[in-house]
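Biologist: I have the sequence and the model open side by side. Please take me through the details, one question at a time.

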Amino acid sequence: MPIDFIKRVIRRRGTGGRRALDRIPTQLEKHENLVSRFLPGARTLIVYLPPGYHESEHRYPVLYLQDGQNLFDPATAYVAGNDWRVDQTAEKLILHGKIEPLIIVGIYNNGEQRLLEYTPTRDDKLGGGEAELYGRMIVEDFKPFIDGVYRTLPGPENTGIGGSSLGGLVSIYLGLLYPHIFGKLAILSPSVWWNHRSILNFLADAMTGPCPRIWLDIGTSESRTAVDDTILLRNALLRNGWVLGKNLRFTKAVGARHEEAAWAKRTGPALKFLFPR
């Protein structure tokens, strides 16, 4: 992707403002107006850099997360004021030696096209079905860009992808489609229900390569079928080579609802499983 198409804005988050007592300084860089070869519309990436990035020559693993608006900034979150605080969580875990330093890339969703781009198959009533093109955008446009601008460790053992809800659905789909690219998956409250649970059939058909390391979770106070659907996904993974406690962690969050605040609480455990020190 040509650098000429990128408007690069660097900002540092300080300790002032809302939640000042528990905000710590983190570094975020935003890349706006990216143009993809596969899907229309200008795109935005927001990148968290670990402590000491600019003072070292180290290379770092990378985690790509969907719904970038919700990850770092309470002002842009879907529910105003309720971001995932991913940068804050990662910063604390890194500084306390709980996870390895990593780069985290938030991919902004494209608004009204979110459902279209986050779903692997077309549903007769709801539409959708362009996740394959969305995946090509990440793998062939965004990842080469990030690897070119930042000091990354580009192999699958150091590259993760994740998200929640439909973002979790598209992330597990892309992890299964590109196991040679993404070796770590953070799947929070995935929309297994989509198009008659078609992701389960895709999993059974797709498994010819390595098994990525997967964090999978669901809240017990989400939709009526959410827990059962996610257990079906867990069981399908177990039938296809994953092993609980080894390359698969499954968690039921008691009382958790389908919302940003709940996913913010599970970000830390997911990072510790996928990127342990």
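Biologist: Let's start at a helix end. Which residue just after α1 takes a positive phi?

Modeller: Just after α1, a positive phi of about 70 degrees is taken by a glycine, Gly97.
Before we go on, this is a predicted model in which local features need pLDDT of at least 70 and side-chain atom pairs count only at pLDDT 80 or more, whereas totals for chains, interfaces and linings use all residues. Residues are numbered from 1 along each chain as its sequence is written, and side-chain values use heavy atoms, with hydrogens and water left out. Helices (H or I, at least four residues) and strands (E, at least two) are DSSP runs numbered from the N terminus, and the residue you asked for is Gly97.

Biologist: How many residues of α1 are buried?

Modeller: Buried means under 20% relative accessible area, exposed over 50%, and partly exposed in between (1.4 Å probe, protein chains only). Among the buried residues of α1 are Val86, Ala90, Leu93 and Ile94, and also Asp87, Gln88 and Glu91. Helix α1 spans residues 86-95 and is mostly covered, the buried count out of its 10 residues being 7.

Biologist: Good. At what angle do α5 and α6 pack?

Modeller: Two packed helices are described by the angle between their axes and the distance between the axes. Axes here are lines fitted to C-alpha atoms, for helices over the stretch in contact, with angles running from 0 to 180 degrees between N-to-C directions. Helix α5 (residues 194-206) and helix α6 (residues 226-239) have axes 10 Å apart, and their packing angle is about 5 degrees.
That makes α5 and α6, on a scale where under 35 degrees is roughly parallel, over 145 roughly antiparallel, 65 to 115 roughly perpendicular and the rest oblique, roughly parallel.

Biologist: Which residues of α5 meet α6?

Modeller: On the α6 side, the contact (heavy atoms within 4.5 Å) includes Asp229, Leu232, Leu233, Ala236 and Leu237. The residues of this contact divide into 6 nonpolar, no polar and 2 charged, where Ala, Val, Leu, Ile, Met, Phe, Trp, Tyr, Cys and Pro count as nonpolar, Asp, Glu, Lys and Arg as charged, and the others, Gly among them, as polar. The α5 residues are Arg197, Leu200 and Leu203.

Biologist: On to charges. How many salt bridges does a search of the whole structure find?

Modeller: Side chains of opposite charge can pair when their charged atoms come close. A salt bridge is a side-chain nitrogen of Lys or Arg within 4 Å of a carboxyl oxygen of Asp or Glu. Across the whole structure, the number found is 9.

Biologist: Which residue meets Asp141 in a salt bridge?

Modeller: Asp141 sits in helix α3 (residues 131-149), and its partner is 104 residues away in the loop between β2 (26-34) and β3 (43-49). Asp141 is buried at a relative accessible area of 1%, whereas the partner is exposed at 58%. The N to O distance is 2.8 Å, and the partner is Arg37.

Biologist: Is Lys143, in its own salt bridge, buried or exposed?

Modeller: The side chains of Lys143 and Asp147 meet at 2.8 Å, N to O. These two residues are 4 apart in helix α3, so they are separated by about one helical turn. Asp147 is partly exposed at 24%, while Lys143, at 8%, is buried.

Biologist: Which residues are linked in a network of salt bridges?

Modeller: One pair is Arg266 with Asp217, at 2.8 Å, N to O. Arg266 lies in helix α7 (residues 260-274) and Asp217 in strand β8 (residues 213-219), so the pair ties together parts that are 49 residues apart in sequence. Both Arg266 and Asp217 are buried, and the network consists of Asp217, Glu222 and Arg266.

Biologist: Now phi again. Which strand holds Asn33?

Modeller: Most residues other than glycine have a negative phi, and most peptide bonds are trans. Asn33 has a positive phi of about 60 degrees although it is not a glycine. Asn33 is partly exposed at 41% relative accessibility, and its strand is β2.

Biologist: Last one. How far apart in space are Ser191 and Leu166, C-alpha to C-alpha?

Modeller: Ser191 lies in the loop between β7 and α5 and is buried at 3% relative accessibility. Leaving out residues up to four places away in sequence, Ser191 touches Ser165, Leu166 and Leu169. Ser191 and Leu166 are 25 residues apart in sequence, yet their C-alpha to C-alpha distance is 5.3 Å.
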